[in-house]
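Subject: Structure for you to look at

Dear colleague,

I am passing on a structure that I would like you to look through at your own pace. Please open it first, and then read my notes beside it.

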Amino acid sequence: MATLITPPHFSAVEDAEALRNAFKGWGTDEKAIVRILGHRNAVQRKQIREAYDQLFQEDLVKRLESDLSGHFERAVYRWILDPADRDAVLANVALRKSEYDFNVLIELSCVLSPEEFLAVKRAYQFRYKHSLEEDVASHNPGDLRKLLVALVGVYRYNGEEINATLANSEADILHEAIKKKDFNSDEVIRILSTRSKAQLNATFNRYREEHKLSITKDLLGASAVSEFQKALHATVRCINDPHKYYAKLLRDGIKRIGTDEDTLTRVIVTRAEKDLKDIKEVYYKKNSVSLDDAVSKEISGDYKALLLALIGKQD
Amino acid sequence: MALTDEIQTLTKAFTGLGVDERSLVTILGKWKPEERQSFRKGNPNFFKEDERHFERCHEDYVKRLEQEFMRFKKAIVLWTMHPWERDARMAKKAIKKGPEAYAVLVEIACSRSSEELLGARRAYHSLFEHSIEEDTSRYIKGSERKLLVALVSAYRYEGSKVEEDHAKSEAKALANAIKNSDKKKLLEDDEVVRILATRSKPHIQAVYKQYKQISDKNLDEDLEVALILKETVQCLCSPEKYYTKVLDEALKNGTNQKIRKALTRVIVTQADADMKNIREEFQTKYGVALSKKIEDTACGSYKDFLVNLVARGN
C-alpha cells in the first residue's frame, strides 16, 4: 500500500499559483513546496506542471532545479517527474556512477511489472536517444555485464502459470551452480533473467524444500562475497520478497547518511505511491524502530520534511 | 485439347509451386476412367507399376501433392493473421526446428521495427505462456544461442541520431574480432554480439560504412564464417538485398521443400513492409521482374495470390 497522503480536494491551478508564490521574492518557501508537492500523486503532479506551464509560460521542473539545492533539490526533482521518466533518470545516474550501482537496474527488471519496465525503457530512449540495453551493454565489461544485459533486455511473461517439473529441474540447476560456486554460468543467468516471476518463485520455494536452506542464504555463503554474488542475491530478493529487499536497502541507506542520501531518496520516492507502507512494516519488524523515527533522527531540514511527508507522517 | 496436351497440362499442374486448380477442375472433372488411367501410365514420376497389376502412387507423390495444395491455405492463414501472431508462431516453429530455421529468428528480430518485435513478443506471451527469450535460451544450445537470445530481446532505439566516433570505434572493434576469429570464434565474442544486438539500425549502418572505410571490405561478407552473423548484418542494414537473395533461392528449379517455404514467408511478411524495395532490388539484380518469376514457377490460386501481394506498395 502507498504511504502518500493526498487531500480530498485538488486544484491544479491553485497549486500552480501557490508554487509560483513560493518562488517569489528572496529565497524560496520550501515548506510550501513540501506541503503541496509532498501530498500530490503522479497524476496530480503532472496536472500541476501543465497548469504552471500554461499560467506562467515556465517549466516548473526547471524552476525547481534552479531555485532549490542539495539533497532537497535532488529529491524534489525525482519526485516531480513521471514515474517512468524518473526511473529512466535513476537508471542513467546509476550507469554513470564510477562505482556501478547495479541495484537500480536489478530493481527495474525484477520489481517492476513487465509493462512498467517497458515504459521506463521507452522513457529512457526518449530522454537519452539511446536504448537502455545499449548503454548497459557498453559499460563495465565482465561477468556483471552479462547478467545485467540479460536482466535489462527481458520482457517477462507475466502470467501466473507454473510448471512444477520445470521448477524442480531449475531449482536443481541453481543449487548445483551455487554449490560449485559457478555463479556466472549461462544457466543461472538464463533462469533468473528469462523466467516469469511466478515461475521463479515456484523455483525458489522448491529450492528451499529440497535443500533446507533458502537460495538467498545459500548465495551469500560463509566466505567473502563477490559483486556478482551480491547482484544475484539482489535479483533473487527483488523477485521473491521486494519489501524485505527495500527495507534492508533503507536500513543501509540510513546508516550511510552523510555519504549516500541517494539510496534513501530513491527508495522513498519510487515506492511512496506503491508499497512503502508494507516496506515500513518490515522495517519496523527488523529494526524495532519505525522508519519515520529513523529518518527523523538521521536527516534534517527541508529534505527531511519532504521525505517524512512522502512516508506518510501526519503533521 | 488433345489427350496428350491435357496430360501435359495436368502434370504441370502438379509440379509447380501450388496447384493449378482450374486445370484440375476442367480436365479431371471430365476425364473418364480410361483417360485417368492414361495419365497414370504416362507419369512414371508419380506412379509405378505394381506387381499386382495396377498403377500405384509413389509415396512422395501423395506427400508432395498435399504440400502443394497446402501452400495456398498456409499463405492465406498467414496473411490474415495479425502480424504479431504471425511472427510469434513463426518464431516458435523456428526455435523448435533448430539450426536450419535460425535465419527466420534473425529475420523477425532484425527486419521488424522495435514496436513490431515488441508486439510479436507480447503475442508470444499470449500464445505460449512463456516469453520468447525463455524459449530461445532454453531450447537453443549451440554457439548461436548467445546471439539469438540477445537479438530477440532487443528493443532498439528508433531515432536517427548516431554518434560517429562510437560507430568508428565499433567498426574497429569488429575488424579486430574478425581478424582474430581463428583464435576466438565470432559468435562467442561479447563485443560482436553486443554491437549487433543492442545498437540502433542507423548506428549499425554507420558502423558498416566506417568498416568499409577502414578495411575496404563489406562487413557482412567478412562475417561469412558465421553465416548467421552475415544474415544479421544484412537484415539490419539492407533487408531488401537479403530478402531478394532468399526469394531467388526459393524460386530456383529443383530446390527442396524447405527452401521453397521461404517464398510464402517472405512475400506475406514483406507485402506491407518492404515490397517495393524488394521488387526493385530483384529487378536490378536478376534482370527479371519478381512477379514474372513467380508466374513462371508457381501456379493456380497460390500464384495469383502471391502476384497480388507482390504488386503492393506502389
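Before anything else, a definition: helices are DSSP runs of H or I with at least four residues, and they are numbered from the N terminus. With that numbering in hand, Ser288(A) can be placed in the loop between α18 (276-287) and α19 (291-298) of chain A. Please keep in mind throughout that this is a predicted model.

I begin with that loop residue. Ser288(A) has a phi near 55 degrees, which is a positive value in a residue that is not glycine. Such a value catches the eye because most residues other than glycine have a negative phi. Ser288(A) is also exposed, since its relative accessible area is 61%, and the cut-off for exposed is over 50%. In chain B, Glu129(B) likewise has a positive phi, near 55 degrees, and is not a glycine. Glu129(B) sits in the loop between α7 (114-128) and α8 (132-139) of chain B, and with a relative accessible area of 39% this residue counts as partly exposed.

Now to the chains as wholes, starting with chain A, which contains 20 helices and 0 strands. Is the radius of gyration of chain A in agreement or in disagreement with that of a compact globule? A compact globule of 315 residues would have a radius near 20 Å, and chain A has 21 Å, so the two agree. The C-alpha atoms of chain A fill a box of roughly 65 × 45 × 35 Å along the principal axes, and 53% of its 315 residues count as buried. If you take the contacts in chain A between residues at least 6 apart in sequence, 70% of them join residues that are at least 24 apart. As for charge, chain A carries 49 positive and 50 negative side chains, with the centres of the two sets 3 Å apart.

Chain B has 19 helices and 2 strands, and its C-alpha trace spans about 75 × 40 × 40 Å along the principal axes. Of its 314 residues, 51% count as buried, while the surface that chain B exposes comes to about 15700 Å², with carbon and sulfur atoms supplying 51% of it. Chain B has 57 positive and 51 negative side chains, and the centres of these two sets lie 1 Å apart.

Lastly, the aromatic rings, which form 14 pairs over all chains. In one of them, the ring centres of Tyr52(A) and Phe56(A) are 5.1 Å apart and the planes meet at 65 degrees, so the pair is edge-to-face, given that the cut-off for this class is over 60 degrees. These two residues are 4 apart in helix α3 (residues 42-56) of chain A, and therefore about one helical turn separates them. Tyr52(A) is buried, at 0% relative accessibility, whereas Phe56(A) is partly exposed, at 22%.

In chain B, Phe282(B) and Tyr286(B) make a tilted aromatic pair, with 5.0 Å from centre to centre and 55 degrees between the planes. Both belong to helix α17 (residues 275-286) of chain B, where a spacing of 4 residues puts them about one helical turn apart. Phe282(B) counts as buried at 1% relative accessibility, and Tyr286(B) as partly exposed at 26%. Elsewhere to look at is one aromatic cluster formed by Trp31(B), Phe39(B), Phe46(B), Phe47(B) and Tyr61(B).

With best wishes

Key: Residues numbered from 1 in each chain as written. Chains lettered and ligands numbered in written order. Predicted model: local features only at pLDDT ≥ 70, side-chain atom pairs only at ≥ 80, totals over all residues. Heavy atoms only, no water. Rg over C-alpha atoms; globule rule 2.2 N^0.38 Å. Buried < 20%, exposed > 50% of the residue type's maximum accessible area, 1.4 Å probe, protein only. Contact = heavy atoms within 4.5 Å. Lys, Arg positive; Asp, Glu negative; His and termini not counted. Charge placed at Lys NZ, Arg CZ, Asp CG, Glu CD. Phe/Tyr/Trp six-rings, centres within 6.5 Å; stacked < 30°, edge-to-face > 60°. Areas by Shrake-Rupley, 256 points an atom, 1.4 Å probe, with all protein chains shown as cover.
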